Amino acid sequence: MKFQYTAAAGIFALGAAADTIASGEGFGTYYYDIKQVDACGTSFKYQNQGGVMCSSQTLLSLDEMNTNYVVAMNNSQLGSDPSKYCGKKVVVTVNGKKSDMPLFIGDGCQRCATGSSESATWNAQGAPGLDFSYSVLNELTGDSACDSGHAAISWEILDESIYDFASGGSSDSSESSSAPTTLVTSAAPAATGESSSCENNTWQCNGNNIEQCVDSAWMTRVSCAAGSTCQGDSNPYCA
């Protein structure tokens with residue numbers, strides 16, 4: 001399934017601006033990449049196979065979506081009202097420069113939902129922000145995504161749908177876009193053991209979570225959906 005971005009011609013022709021439905025400041029990180037599967041000393045092969053929170057009952061993986069423009073937001077906020085956020089356009093600002101990429105909400109980020117929502121200090125275990133593909137974060141930061149694995153950002157989520165999860169494709173102003181189907185919120189089984197110490201850019205399974213080591217601390221990148229388990233040891237994936 002190939003992602004194609006289609007500008008909402010009617011909106012741009014009128015010069016109207018979409019309303020902001022959410023905004024914030026915090027940190028951007030990366031957790032997958034469809035085009036550059038190997039980057040920063042690691043492989044995203046198995047992360048790309050993970051399903052996204054905004055997909056329907058038939059879990060849609062990042063590989064199947066075939067786009068690097070999927071953005072993960074606070075998973076608690078997303079889970080509280082998926083139809084409000086799923087597929088909506090995201091504008092990210094780094095060092096005063098706004099992105100012009102067709103970024104859209106499609107997944108949940110556990111780190112983004114943990115800790116203070118107003119923290120200005122990076123913490124791999126919990127800090128506000130968004131999670132991107134490696135390629136997007138690299139473009140946002142001027143090719144420095146590998147340097148620390150995170151960057152200070154601000155963002156706006158606009159009331160403008162550019163991906164329709166109900167049909168599995170980009171939204172078009174000539175068609176009425178239906179709301180995403182109900183988010184699967186069944187909890188994954190609890191972790192079965194303690195996280196171990198780590199070296200940066202290594203990966204592991206911790207219960208049913210796929211974790212990456214960032215700044216010598218484990219960060220949850222993907223939580224396997226109900227009915228699947230984390231497998232693969234140092235190259236984890238959900239199956």
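Mentor: Before we start on this predicted model, take one definition with you: a residue is called buried when its relative accessible area is under 20%, exposed when that area is over 50%, and partly exposed in between.

Trainee: With that cut-off in mind, are Cys54 and Cys86 buried or exposed?
Mentor: These two cysteines are joined by a disulfide with an S to S distance of 2.0 Å, and the link is left-handed, with -80 degrees about the S-S bond. It connects distant parts of the chain, since Cys54 sits in the loop between β3 and α2 while Cys86 sits in the loop between α4 and β5, 32 residues apart. As for their accessibility, Cys54 and Cys86 are both buried.

Trainee: How many disulfides does the structure hold?
Mentor: Besides the link of Cys54 and Cys86, there is a disulfide between Cys40 and Cys146, and another that joins Cys109 to Cys112. For the structure, the number of disulfides is 3.

Trainee: How many residues apart are Cys40 and Cys146, and in which elements should I look for them?
Mentor: The sulfur atoms of Cys40 and Cys146 lie 1.7 Å apart in the model, and the torsion about their S-S bond is about -85 degrees, so this disulfide is left-handed. Cys40 is in the loop between β2 and β3, whereas Cys146 belongs to helix α6 (residues 145-148), and the pair thereby links distant parts of the chain, with a separation of 106 residues.

Trainee: Which class of accessibility does Cys146 fall into?
Mentor: Its partner Cys40 has a relative accessible area of 16% and is therefore buried, the cut-off being under 20%. Cys146 has a relative accessible area of 36%, a value that makes this cysteine partly exposed.

Trainee: Is the disulfide of Cys109 and Cys112 left-handed or right-handed?
Mentor: The S to S distance of this pair is 2.2 Å, and both cysteines are buried, Cys109 at 3% relative accessibility and Cys112 at 6%. The handedness follows from the torsion about the S-S bond, which is about 75 degrees, so the disulfide is right-handed.

Trainee: Which residue forms a salt bridge with Asp159?
Mentor: A search of the whole structure finds 2 salt bridges, and in the one that involves Asp159 the closest N and O atoms are 2.9 Å apart. Asp159 lies in strand β9 (residues 151-161) and its partner in strand β5, so the pair ties together parts that are 71 residues apart in sequence. At 44% relative accessibility Asp159 counts as partly exposed, while the partner, buried at 9%, is Lys88.

Trainee: In which strand does Glu156 lie, given that its salt bridge with Lys98 ties parts of the sequence together?
Mentor: The side chains of Lys98 and Glu156 meet at 3.6 Å, N to O. Lys98 is exposed, with a relative accessible area of 54%, whereas Glu156 counts as partly exposed at 26%. The pair ties together parts that are 58 residues apart in sequence, because Lys98 lies in strand β6 (residues 97-98) and Glu156 in strand β9.

Trainee: How many of the residues of strand β4 (residues 70-74) are buried?
Mentor: Strand β4 pairs with strand β7 (residues 103-109) in the parallel sense over 5 bridges, and within this pairing Val71 stands opposite Ile105. Strand β4 is largely enclosed by the rest of the structure, because the count of its buried residues is 5 of the 5.

Trainee: Which side chain does Asp107 join through a polar contact of 2.9 Å?
Mentor: Asp107 lies in strand β7 and counts as buried, because its relative accessibility is 6%. Leaving out residues up to four places away in sequence, Asp107 touches several others, including Cys54, Val70, Val71 and Ala72. The side chain at the other end of the polar contact is that of Tyr31.

Trainee: How far apart in space are Thr220 and Asn209, C-alpha to C-alpha?
Mentor: Thr220 is found in strand β12 (residues 217-223) and is buried, with a relative accessible area of 13%. Beyond its neighbours within four places in sequence, Thr220 is in contact with Gln110, Asn209, Ile210 and Glu211. Thr220 and Asn209 are 11 residues apart in sequence, and their C-alpha to C-alpha distance is 6.2 Å.

Key. Residues numbered from 1 in each chain as written. Predicted model: local features only at pLDDT ≥ 70, side-chain atom pairs only at ≥ 80, totals over all residues. Heavy atoms only, no water. Helix = DSSP H or I, 4+ residues; strand = E, 2+ residues; numbered from the N terminus. Buried < 20%, exposed > 50% of the residue type's maximum accessible area, 1.4 Å probe, protein only. Contact = heavy atoms within 4.5 Å. Pairing = 2+ DSSP bridges. Disulfide = S-S within 2.5 Å. Salt bridge = Lys/Arg side-chain N within 4 Å of Asp/Glu carboxyl O. Polar contact = N/O pair within 3.5 Å; in protein donor to acceptor, adjacent residues only side chain to side chain.
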